[in-house]
Amino acid sequence: MKVRVVENVLKLNDEVASMNRLTLRQAGVFTLDLIGAPGCGKTALLERTLRELHGKLHMAVLVGDLTTTRDADRMVQWCDQVVQINTGKGCHLDANQIRQAMAQIDLAGLDVLIIENVGNLICPVGFDLGQDVKVGMFSVSEGDDKPAKHPYLVHEASVLLLNKTDLLPYVPFNLERFRQDIAQLNPNVPLMELSVVKGDGFDAWRQWIETKAAAARGAAAIHTQ
């Protein structure tokens, strides 16, 4: 019976996720689910992304956190569509929470929707939210063994980010082993090495988003013809 209950929960989540995905794709919105551990730099990444793409792309952010609105508060100066989702003791976002949050944003004219998932490398990976891609984020300060210890995120991600590369001279981090672990788990996933604080490597991330957003708009336009 327990197995059946779990299967029913996941089935319902996937059904809502499919509805989310259809809605977003019809609107021509590129949607990414950002997954990373607490402190890896997810919010800082989004702050800089919103700032650098301000005026170029229309963006919205759904922010997952346990209790506070602190992450959302940091983004509102660069984005007028930021919705906080507080999960309480929940360790991940689910598709129904995303659907409710989507009702609070204006999809018309929107180019990119970013979902900042709850800080966790495990639970968020197994839940489809209706996103186009999952983005996995690691940081130098976490240690070089995180991909090997959390292979499911590496398997599921469409792109991986390694943040805080400016700290490489100061912390014990074997960059070559980190790269090799990822290559063994998912040889096709792109790895972007960057420093959000310094801006190193950030151009590739920004250009990736712009390219994906343009593709989503183009696909939606074709379907409406």
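Start with the sheet. In this predicted model, select the seven strands and you'll see an open sheet in the order S3-S2-S4-S1-S5-S6-S7, with parallel pairing. Now pick out S3 (82-86) and S7 (191-193): these strands stand at the edges with a single partner strand each, so one side of each has no neighbour in the sheet. Look along the sheet and you can follow the twist, which averages 20° from one strand to the next. As a reminder of what holds such an arrangement together, strands of a sheet pair through backbone hydrogen bonds.

**Stop 1: strand S4 and its partners**

Select S4 (112-116). Is it buried or exposed? Mostly covered: five of its five residues are buried. Colour the two faces separately, with Val112, Ile114 and Glu116 on one side and Leu113 and Ile115 on the other; both faces are covered.

Next, bring in the strands that pair with S4. S1 (residues 30-36) runs parallel to S4 and is joined to it by five bridges. Click on Leu32 and you'll find its bridge partner in S4, Ile114. S2 (59-65) also pairs with S4 in the parallel sense, again over five bridges. Here, try Met59, which stands opposite Val112 in S4.

**Stop 2: Asn117**

Step along to Asn117, in the loop between S4 and S5. How much of this residue is accessible? Its relative accessible area is 1%, so Asn117 counts as buried. Show Asp33 as well: it sits 84 residues away from Asn117 along the chain, yet their C-alpha atoms are separated by 6.7 Å. Then display what Asn117 touches beyond its neighbours within four places in sequence: Asp33, Leu34, Ile35, Lys42, Gly64, His92, Leu93, Pro124 and Leu129.

**Stop 3: S5, S6 and two helices**

Move over to S5 (residues 133-139) and S6 (residues 159-163), which pair in the parallel sense over five bridges. Zoom in on Ser139 and you'll see it opposite Asn163 in S6.

Now turn on helix H7 (residues 175-185). It lies across S5, S6 and S7, running at about 160° to S7. For another helix laid over strands, select H4 (residues 95-102), which lies across S2, S3 and S4 and runs at about 145° to S3.

**Stop 4: the largest pocket**

Switch to a surface view. Rolling a probe the size of a water molecule over the atoms shows where empty space is left. The largest pocket holds about 280 Å³ of space. Which residues lie nearest its centre? Pro38, Gly39, Lys42, Asp71 and Gly119 do, out of a lining of 18 residues. Lys42 is also one of the contacts of Asn117, so keep it selected as you go back and forth.

To see where the lining comes from, colour helix H2 (42-53), S2 and helix H3 (70-75), each of which supplies at least two residues. By class, the lining has six nonpolar, seven polar and five charged residues.

**Stop 5: the second largest pocket**

Finish with the second largest pocket, with a volume of about 170 Å³. Select its lining: Leu50, Leu53, His54, Gly55, Leu57, His58, Met59, Trp78, Cys79, Asp80, Gln81 and Leu110. You've already met Met59 there, opposite Val112 in S4. By class, this lining has seven nonpolar, four polar and one charged residues.

Technical notes
Residues numbered from 1 in each chain as written. Predicted model: local features only at pLDDT ≥ 70, side-chain atom pairs only at ≥ 80, totals over all residues. Heavy atoms only, no water. Pairing = 2+ DSSP bridges. Helix = DSSP H or I, 4+ residues; strand = E, 2+ residues; numbered from the N terminus. Axes fitted to C-alpha atoms, helices over the stretch in contact; angles between N-to-C directions. Contact = heavy atoms within 4.5 Å. 1 Å grid on protein atoms, 1.4 Å probe; cavity = no way out; pocket = protein on both sides within 12 Å on 5 of 7 lines; lining within 4 Å. Points joined across faces, edges and corners; volume = space filled by probe spheres on them. Nonpolar A, V, L, I, M, F, W, Y, C, P; charged D, E, K, R; others polar. Buried < 20%, exposed > 50% of the residue type's maximum accessible area, 1.4 Å probe, protein only.
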